[in-house]
Amino acid sequence: MLDLKQIRKQFPILSRKVNGHDLVYFDNGATTQKPDSVIAAESNYYQNENSNVHRGVHFLSGLATDKFEETRITIQNFINAKHSHEIIFTKGTTDSINIVASGYRSLLNKGDEIIISELEHHSNIVPWQMCCEQSGATLKVIPLLDNGTLDMAEFGNLLSKNTKLVSIAHISNTLGTINPIEKIIEKAKAVGAKVLIDGAQAASHISINMQSLDADFYCFSAHKLYGPTGVGILYGKEDVLNELPAYQGGGEMIKEVSFKKTTYAGLPHKFEAGTPNIAGVVAFKAAINFITGLGINNIAKHEEELLKYATEEVLKIEGLRIYGTAKNKSAIISFNINELHPYDIGMIVDKMGIAVRTGHHCTQPIMDKFNIPGTARISLAVYNTKDEIDICIKAIKKAKIMLS
Ligand code: PLP
């Protein structure tokens, strides 16, 4: 059992008021709040440890490098990667996907195919469209079923020997669907395709194990995982990363530079050009420690209970429809009420101190599928409570009355 009071105490922002009310923060899919330990790690880095990494012989440079590399090991353990050099620090999930998609521009040719799905975040759509434009490859899309799950039969039909890469979200940020990625990876591997899993919505909610999963690439952002913004990781299997062309050129990613020929550094530095977000990486470790301290399975259980309770309660509101009703679902509830505009609902509950997200959630193809302009979205995290759900439901009911 998690001690919710104790957990909430670690998040200073949760005790602030918004519009005269206690804050109810239900926009965790966009970004989570940060515990004291993460804020302290970032601040302590600048107060006591700041220097550039990998470059100096002096004390502080060594210290900063050690701290930076400690996070890599922490993440390696967190996702059970085989090697620490399979963890590349990036700006976040979007950056991670772009590194791979950019590399594939020169690995693919006309006739090759990439498969994504209809439920992807724009950051797992647009980089592949750009990759296809430049390589001549074709983008194929697994359609969504009405309950917000992927049409796996159609996925089977799309796969062929031409499929070079399959890139799929572990969890949909709009529908909450937990995709059957084990099955997807198995099927993709059967035709020789590589697989990228966008774990932006998964890493803080469910356990991830790279060695049992067998994905070629996996990525997530620290800021959706109680960590700082502007930092994330790209995991890649050693041999796959070695085959992937370098992304950005510059300092840190080279072995030797001359005007005749430049050679590149090995992993992970080949993909880490320039001075990274060192403070962010250092604080990323504190975020992972926060999660492992609570236990990812305890977090998952708590969020599952919240999801069940919130789903039952919102469905009592007449005219409310939930988009995404998969059996295997994360704590995300996207909804609309009759013809009411989700933006208006979001504005009214905000006046009562409640943060929910409204709009297309960077998933316009999902909106097209359901023929709606947007939804209101509740996305929960470990510090949320049933009491907060009650407050939110009351506010939504009030909004419905005011707008009807
Ligand atoms: N993929 C999914 C499923 C997401 O939910 C998000 C962010 O909402 C992203 C990718 C992009 O993450 P970031 O903005 O941190 O790069």
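## Close-up views of a predicted model

**Figure 1. The ligand takes up the space of the largest pocket.** The model shown in this and the following figures is predicted. The residues that surround the ligand are Thr93, Thr94, His121, Ser123, Asn173, Asp198, Ala200, Gln201, Ser221, His223 and Lys224. By type, this shell consists of eight polar residues, two charged residues and one nonpolar residue.

**Figure 2. Oxygen atoms of the ligand pair with N or O atoms of Gln201, His121 and Thr93.** In the side chain of Gln201, an N or O atom is 2.7 Å from an oxygen atom of the ligand. The side chain of His121 also has an N or O atom at 3.4 Å from a ligand oxygen. For Thr93 the atom involved belongs to the backbone: an N or O atom there lies 3.4 Å from an oxygen atom of the ligand. On its own the ligand has 390 Å² of accessible area, and the protein covers 85% of this area.

**Figure 3. The protein chain contains 14 helices and 17 strands.** With a radius of gyration of 22 Å, close to the 22 Å that the globule rule gives for 404 residues, the protein is as compact as a globular protein of that length. The C-alpha trace spans about 70 × 55 × 35 Å along the principal axes of the protein.

**Figure 4. A cis peptide bond joins Leu267 to Pro268.** Most peptide bonds are trans. In the bond from Leu267 to Pro268, however, omega is near 0 degrees. Pro268 is placed in a loop, with strand S12 (263–264) on one side and helix H10 (278–294) on the other.

**Figure 5. Asn19 has a positive phi.** Most residues other than glycine have a negative phi. Asn19 is not a glycine, yet its phi is about 50 degrees. Asn19 is found in the loop between strand S1 (17–18) and strand S2 (21–22).

Methods. Residues are numbered from 1 along each chain as its sequence is written. This is a predicted model: local features need pLDDT of at least 70, side-chain atom pairs count only at pLDDT 80 or more; totals for chains, interfaces and linings use all residues. Side-chain values use heavy atoms; hydrogens and water are left out. A residue is near a molecule or strand if one of its heavy atoms lies within 4 Å of it. A polar contact is a pair of N or O atoms within 3.5 Å; within protein, one must be able to donate a hydrogen and the other to accept it, and residues adjacent in sequence count only if both atoms are side-chain atoms. Accessible areas come from the Shrake-Rupley method with a 1.4 Å probe; for residues, only the protein chains shown count as cover. On a 1 Å grid over the protein atoms alone, a cavity is a set of points where a 1.4 Å probe fits but cannot get out, and a pocket is an open set with protein on both sides within 12 Å along at least five of seven lines; lining residues have an atom within 4 Å of a point. A molecule sits in a cavity or pocket if more than half of its atoms lie within 2 Å of its grid points. Ala, Val, Leu, Ile, Met, Phe, Trp, Tyr, Cys and Pro count as nonpolar, Asp, Glu, Lys and Arg as charged, and the others, Gly among them, as polar. Helices (H or I, at least four residues) and strands (E, at least two) are DSSP runs, numbered from the N terminus. The radius of gyration is taken over C-alpha atoms; the globule rule is 2.2 Å times the number of residues to the power 0.38.
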